[in-house]
Amino acid sequence: MNRLAGATSPYLLQHKDNPVDWWPWSPEAFAEARRRDVPVLISVGYAACHWCHVMAHESFEDDGIAAQLNDGFVAIKVDREERPDVDAVYMTATQAMTGQGGWPMTVFATPDGEPFFCGTYYPKPHFAQLLTSVTTAWRDQRDDVVKQGAAVVQAVGGAQLTSGPTAPISAELLRASVAGLAAEQDQMYGGFGGAPKFPPHMNLLFLLRHHERTGSAEALEIVRHTCEQMARGGIYDQLAGGFARYSVDATWTVPHFEKMLYDNALLLRVYTQLWRLTGDALARRIADETAAFLLRDLGTPEGGLASALDADTEGVEGLTYAWTPAELIGVLGEDDGVWAADLFRVTTAGTFEHGRSVLVLARDIDEADPSLVERWRDVRQRLLAARNERPQPARDDKVVASWNGLAITALAEHRTAESSAAAIRLAEVLADRHLIDGRLRRVSRDGVAGEPAGVLEDYGCVAEAFLAVHQLTAEPRWLDLARGLLDVALARFGNGAGGFHDTADDAEKLVARPADPTDNATPSGASALCAALVTYAALTGETSYREAADAALATLGPLIEGHPRFSGYSATVAEAALAGPLEIAVATTDPADPLVEAVHRHAPGGSVIVVGTPGHPGVPLLADRPLTGGAATAYVCRGFVCERPVTTPADLLNLLRPA
């Protein structure tokens with residue numbers, strides 16, 4: 001075993017038996033490089049990454065490659081999900097040097113951490129040659145190598161600037177962002193752009209909120225069509241629920257099989273809100289199944305949600321999930337097997353590799369004849385039982401604060417009895433395990449918090465989650481915890497001009513301080529924090545938090561307008577801010593009152609909603625909100641300017657329509 005044997009990261013533990021003398025990211029590793037006067041190899045990946053596994057098997061498990069690395073380098077292994085700050089800095093360098101990036105990320109740096117050569121996956125012969133070349137350059141061209149590193153650091157630092165043009169949020173700016181998305185949509189298969197195709201969850205949330213604010217039929221149709229195509233495709237697990245990370249094709253047929261917590265949390269929000277808007281049975285089913293997947297397949301014994309399911313099973317991609325017609329018949333019998341092959345588009349040629357197919361839903365089933373629906377459900381259950389007997393993908397069971405925060409918000413919005421209870425349990429886990437002396441820790445595993453400090457996205461997503469649980473429970477504690485996180489974020493991460501860095505001012509100093517405002521696989525730290533600030537201000541009436549949100553959104557405005565595919569969450573928050581957001585208090589002594597169901601079913605996304613007894617202590621939205629004639633009463637406000645109180649669902653719905 002090497003130095004990774006004591007790591008908490010499942011990704012690092014995957015490499016603990018490599019012949020490479022790995023170091024975890026640490027000052028000691030760089031000190032060792034200085035002592036030996038050798039360059040550093042920084043290898044960045046994550047546990048569910050297919051090509052990370054390939055490079056590990058080809059190179060890092062090879063004795064010859066290991067000998068080269070051990071002789072000429074200090075090798076450092078980094079889990080990008082545990083240290084997103086390290087990943088962000090070196091990904092910026094990789095993209096600057098190569099024009100692209102990805103994982104595994106392979107970075108050669110000086111003993112001071114300055115990157116001088118960057119890349120991604122290298123096949124074993126190329127990697128061996130690269131190690132030789134870098135060793136030679138370090139020995140014979142040291143001055144040039146050091147100058148290259150200094151130049152890259154300067155470029156990376158410039159890319160992290162947090163000051164620049166601003167554009168206050170306006171209806172025109174958001175309309176331009178919608179137009180930009182509409183121009184890039186795939187009108188046949190949904191989504192945006194071509195292969196590989198990622199589920200555009202944050203863009204869909206934005207479009208749903210835009211529809212709710214403006215009534216745009218185009219925005220709603222983009223969401224409806226994309227959601228249907230994804231739900232019927234192979235990117236969605238047709239047997240167990242849950243979405244894969246992306247589709248390798250433009251048709252959503254063949255996924256990259258890893259399943260990530262953050263994708264499924266964000267998609268749960270999309271399908272839940274789509275169902276509430278349209279009543280669509282498919283959207284409701286996918287929301288319910290995605291919530292069930294999160295709790296069943298990602299729940300950890302210690303109470304959090306695991307990060308991911310691996311792309312590979314026993315080193316083979318898709319081994320768990322793909323089928324042949326003969327396998328269907330073997331499980332289901334001739335009649336049901338042939339029927340299932342037709343319904344799930346399983347062919348003798350196959351849609352995947354080696355004549356195997358990924359299950360897709362070839363026809364609408366949710367509102368079919370009841371006898372067909374029953375047959376489909378029976379077939380699904382039998383196939384899933386058989387699939388569960390196959391080898392299963394590994395699970396990355398570290399608990400990431402921000403991703404669990406996203407899941408808490410989604411489950412709170414889904415609002416079934418099981419989802420609501422789970423949201424509260426998960427919030428307790430984050431409050432008890434990840435919040436230490438008022439500061440967040442990024443990860444935990446086996447019930448123990450890790451060392452990495454929380455980054456801005458952790459503060460934003462967890463604060464938003466605590467606010468969602470406050471709305472679910474009307475308990476003041478969650479409001480107070482959220483405020484504490486927001487105050488730390490404003491004090492420690494702000495740049496003094498409305499923008500934010502991704503690391504705190506007292507965090508470990510890297511070669512550059514990362515500050516990326518773009519929404520990629522997850523919300524940026526800045527957009528997540530804006531969401532929490534807008535919500536907190538609406539729940540409390542404390543205008544300083546709204547002023548901070550508006551200033552931050554102005555720094556994101558040019559990105560929303562000019563690059564809509566990479567600002568989905570920023571635009572989602574901007575829609576809520578422009579709409580008010582709605583502040584809705586339901587004063588009642590009966591949580592089952594029809595008014596409560598109506599407000600949760602029909603309030604637009606981004607609204608803040610609190611239900612409880614009038615004047616509930618510590619809940620500002622219920623202050624001075626009495627019952628009307630003893631009946632449950634809804635108070636609907638925008639910017640704390642309120643409509644007349646109402647006591648019937650019909651009157652409430654009139655107030656919830658777009659202004």
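Let's start with a charge and a ring: the charged end of Arg-80 sits over the ring of Tyr-46, 5.6 Å from the ring's centre. Keep in mind that this is a predicted model. Elsewhere in the chain, Arg-601 lies over the face of Trp-275, and here the distance to the ring centre is 4.2 Å.

Now look for the sheet. It is an open one made of five strands, and reading across it you meet them in the order β1-β3-β2-β4-β5, with mixed pairing. At the edges are β1 (23-24) and β5 (115-119), each of which pairs on one side only. In general, strands of a sheet pair through backbone hydrogen bonds, either parallel or antiparallel. For β1 and β3 (residues 74-79), the sense is parallel, over two bridges. If you want to find one of the matched residues, go to Pro-24, whose bridge partner in β3 is Lys-77.

Two helices go with this sheet. Helix α6 (residues 124-140) packs on it and touches β2, β4 and β5, with a direction about 15 degrees from that of β4. Helix α5 (residues 84-98) lies across β2 (40-45), β3, β4 (105-109) and β5, and it runs at about 80 degrees to β5.

Next, the aromatic rings. A search of the whole structure turns up 19 aromatic pairs. Take Trp-25 and Phe-30: their ring centres are 5.0 Å apart and their planes meet at 75 degrees, so this pair is edge-to-face. Both of these residues, Trp-25 and Phe-30, are buried. Compare Tyr-122 and Phe-127, with centres 6.4 Å apart and planes at 25 degrees, so that pair counts as stacked. Tyr-122 and Phe-127 are buried as well, and ring pairs link them with Trp-22 and Phe-60 into a cluster.

Finally, the cysteines. The whole structure has two disulfides. One joins Cys-49 to Cys-52, with 2.3 Å from S to S. The torsion about that S-S bond is about 80 degrees, so the disulfide of Cys-49 and Cys-52 is right-handed. Cys-49 is at 3% relative accessibility, so it counts as buried, and Cys-52 counts as buried at 3% too.

The other disulfide is formed by Cys-637 and Cys-642, whose sulfur atoms are 2.0 Å apart. With a torsion of about 95 degrees, the disulfide of Cys-637 and Cys-642 is right-handed. Cys-637 is buried at 2% relative accessibility, whereas Cys-642, at 41%, is partly exposed. What about Cys-118? Cys-118 is in no disulfide, and the nearest cysteine sulfur, that of Cys-52, is 16 Å away.

Terms used: Residues are numbered from 1 along each chain as its sequence is written. This is a predicted model: local features need pLDDT of at least 70, side-chain atom pairs count only at pLDDT 80 or more; totals for chains, interfaces and linings use all residues. Side-chain values use heavy atoms; hydrogens and water are left out. Two strands pair if DSSP finds at least two bridges between them. Helices (H or I, at least four residues) and strands (E, at least two) are DSSP runs, numbered from the N terminus. Contact means heavy atoms within 4.5 Å. Axes are lines fitted to C-alpha atoms, for helices over the stretch in contact, and angles run from 0 to 180 degrees between N-to-C directions. Rings of Phe, Tyr and Trp (its six-membered ring) pair if their centres lie within 6.5 Å; planes under 30 degrees apart count as stacked, over 60 as edge-to-face and the rest as tilted. Buried means under 20% relative accessible area, exposed over 50%, partly exposed in between (1.4 Å probe, protein chains only). A charge sits over a ring if NZ of Lys or CZ of Arg is within 6 Å of the ring centre and within 35 degrees of the ring normal. A disulfide is a pair of cysteine sulfur atoms within 2.5 Å.
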